Amino acid sequence: MKRFIFLLSYLTFTVLVASSQPMSWNKTYQDYFDLYDDVAIEQMRLYRIPASITLAQGVLESGAGRSELAIRGNNHFGIKCNGWTGRKTYHDDDERGECFRAYRNAYESYCDHSVFLTSSPRYSRLFKLSMTDYKGWAKGLKACGYATSPTYASKLIKIIELYRLYRYDSMSDAAAPLRQGLQREVFAANDNYYVVARRGDTFRSIAADVDVSYRKLARFNERDKNDTLEEGEYVWLKKKRRHVAKEYRGRFHRVAAGESMYSIAQRYGIRLEKLYKMNMLTPEYAIKVGDLIFLN
C-alpha cells in the first residue's frame, strides 16, 4: 500500500511539474496558425466555437499538421470514426489500429470538428460559456472527455496565451447569425448575407427556403443555375462586394489544400473578378498551396 501511495504521489508530482514547464515559441506552430486562422474564424462565426480553441486543438492534435493522421487523412483533431460513414484511416492510439475519420482536405476536418462538438450532447455545456472564455473551454473539453491527457487543458491554454490566439475570439460578432423566420440560418458578413449549403443542395432548394429567385442566387454567386453545391459552401443572398470586409483589408490569405480562387472569393464575399484583379492574376493561373492571396 505504501508503495502504491508513493507511486501515485510521484505520478501526480510528475504531471504537475510537466504542466508547469514553460512553452517556447516555434515557427512551425506560427506557420500553422497563419495558414488556418481564417478557417477557424469562419467556423467560430458559424458554430460559436472560439477560434483560439479550434486553432490550439488543431495544432496540438495534428503536430502542426505533421502528424501521421494529418498527413494520411487530413485529420487535424484526432476525431475517431464513431459512426462515421466517410473515408477512414487506422492508427495506434489508446489501442492498436484504431479507426479515425479521413477527409479530402484540412478544411473538411475543421468543418467536421465544429459539427462534432455541436452535435454531441457531451459538449453542450461548453456553449453556455462566453466566447472569450478560452480557459473555460479548454478545461471543459478536458472535463467532457475530449482527450485523456491530464495536461490537455493546460497545454491548450499555454498555446493560446503564447501565440495570442485569444485575439481572434473578439472577431466573433462580425458575422453573427440572423434568424428571420426562414427555413435556413442566415449569416451577415461584408455588408451582405449568406447561408451554408447542405449536402445535396442546389440553388433551387436554397431559393425555396430564403425566398430569392434561384437564377438570382446563381448570378450572385457567379455560378450556373443548375449547379449542385458542395456541403459547407457559402451561398450569398445578394450580389457580392468589390472589397472584403474591413477587418480583412490589407491582409493575405494563405492558400490551403483544396482551395481555389473561387472558394476564397466565396469565403470573403468578394467578386471573383476583383480578387483576380487585385492580385494581378488571370483565371489561367493555378494557385498552389501556400500562395498568399492579397485581400483588399
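Helix axes here are lines fitted to C-alpha atoms over the stretch in contact, with angles running from 0 to 180 degrees between N-to-C directions. The exercises below concern a predicted model.

**Exercise 1. Overall composition**

Task: State how many helices and strands the chain has, and what share of its residues is buried.

Solution.
1. The chain contains 11 helices and eight strands.
2. Of its 296 residues, 46% count as buried.
3. Among contacts with a separation of 6 or more, 59% join residues 24 or more positions apart.

**Exercise 2. The crossing of α2 and α5**

Task: Describe the geometry of the crossing of α2 and α5, then identify the residues that make the contact.

Solution.
1. Helix α2 spans residues 27-47 and helix α5 spans residues 106-119; their axes come within 10 Å and cross at roughly 35°.
2. The handedness of this crossing is right-handed.
3. On the α2 side, the contact is made by Y32, Y36, V39, A40, E42, Q43 and Y47. On the α5 side, A106, Y107, Y110, C111, S114, V115 and T118 take part.
4. Sorted by class, the contact of α2 with α5 comprises 10 nonpolar, three polar and one charged residues.

**Exercise 3. The crossing of α3 and α5**

Task: Carry out the corresponding analysis for α3 and α5.

Solution.
1. The axes of α3 and α5 come within 12 Å and cross at roughly 115°.
2. The crossing of α3 and α5 is right-handed.
3. From α3, the residues T54, L55, Q57 and G58 meet Y110, H113 and L117 of α5.
4. By class, the contact of α3 with α5 has three nonpolar, four polar and no charged residues.

**Exercise 4. The environment of Q57**

Task: Determine whether Q57 is buried or exposed, and name the partner of its side chain in a polar contact.

Solution.
1. Q57 lies in helix α3, which covers residues 51-62.
2. The cut-off for a buried residue is under 20% relative accessible area. Q57 has a relative accessible area of 0%, and is therefore buried.
3. The side chain of Q57 makes a polar contact with the side chain of Y152, at 3.0 Å.
4. Beyond its neighbours within four places in sequence, Q57 is in contact with S62, H76, F77, H113, L117, L141, Y146, Y152 and L156. Of these, H113 and L117 are also named in α5 where α3 meets α5.

**Exercise 5. Strand pairing around β5**

Task: Establish in which sense β5 pairs with β4 and with β6, and give a bridge partner for each pairing.

Solution.
1. Strand β4 (residues 186-189) and strand β5 (residues 192-196) pair in the antiparallel sense over three bridges. Within this pairing, A188 has Y193 of β5 as its bridge partner.
2. β4 and β5 form a hairpin with two residues between them. In the turn, N190 has a positive phi of about 50°.
3. β5 also pairs with strand β6 (residues 234-236), in the antiparallel sense and over three bridges. Here the bridge partner of V195 is V235 in β6.

**Exercise 6. The enclosure of α10**

Task: Explain why helix α10 is described as largely enclosed by the rest of the structure.

Solution.
1. The buried residues of α10 are M261, Y262, I264, A265, Q266, R267 and Y268.
2. Seven of the eight residues of α10 (residues 261-268) are thus buried, so the helix is largely enclosed by the rest of the structure.
3. The buried residues pack against α2, α5, β6, β7 (252-254), α11 (272-278) and β8 (292-294).
4. Just after α10, G269 adopts a positive phi of about 70°.

How values were computed. Residues numbered from 1 in each chain as written. Predicted model: local features only at pLDDT ≥ 70, side-chain atom pairs only at ≥ 80, totals over all residues. Heavy atoms only, no water. Helix = DSSP H or I, 4+ residues; strand = E, 2+ residues; numbered from the N terminus. Left-handed = near helix turned anticlockwise from the far one by under 90°. Contact = heavy atoms within 4.5 Å. Nonpolar A, V, L, I, M, F, W, Y, C, P; charged D, E, K, R; others polar. Pairing = 2+ DSSP bridges. Buried < 20%, exposed > 50% of the residue type's maximum accessible area, 1.4 Å probe, protein only. Polar contact = N/O pair within 3.5 Å; in protein donor to acceptor, adjacent residues only side chain to side chain.
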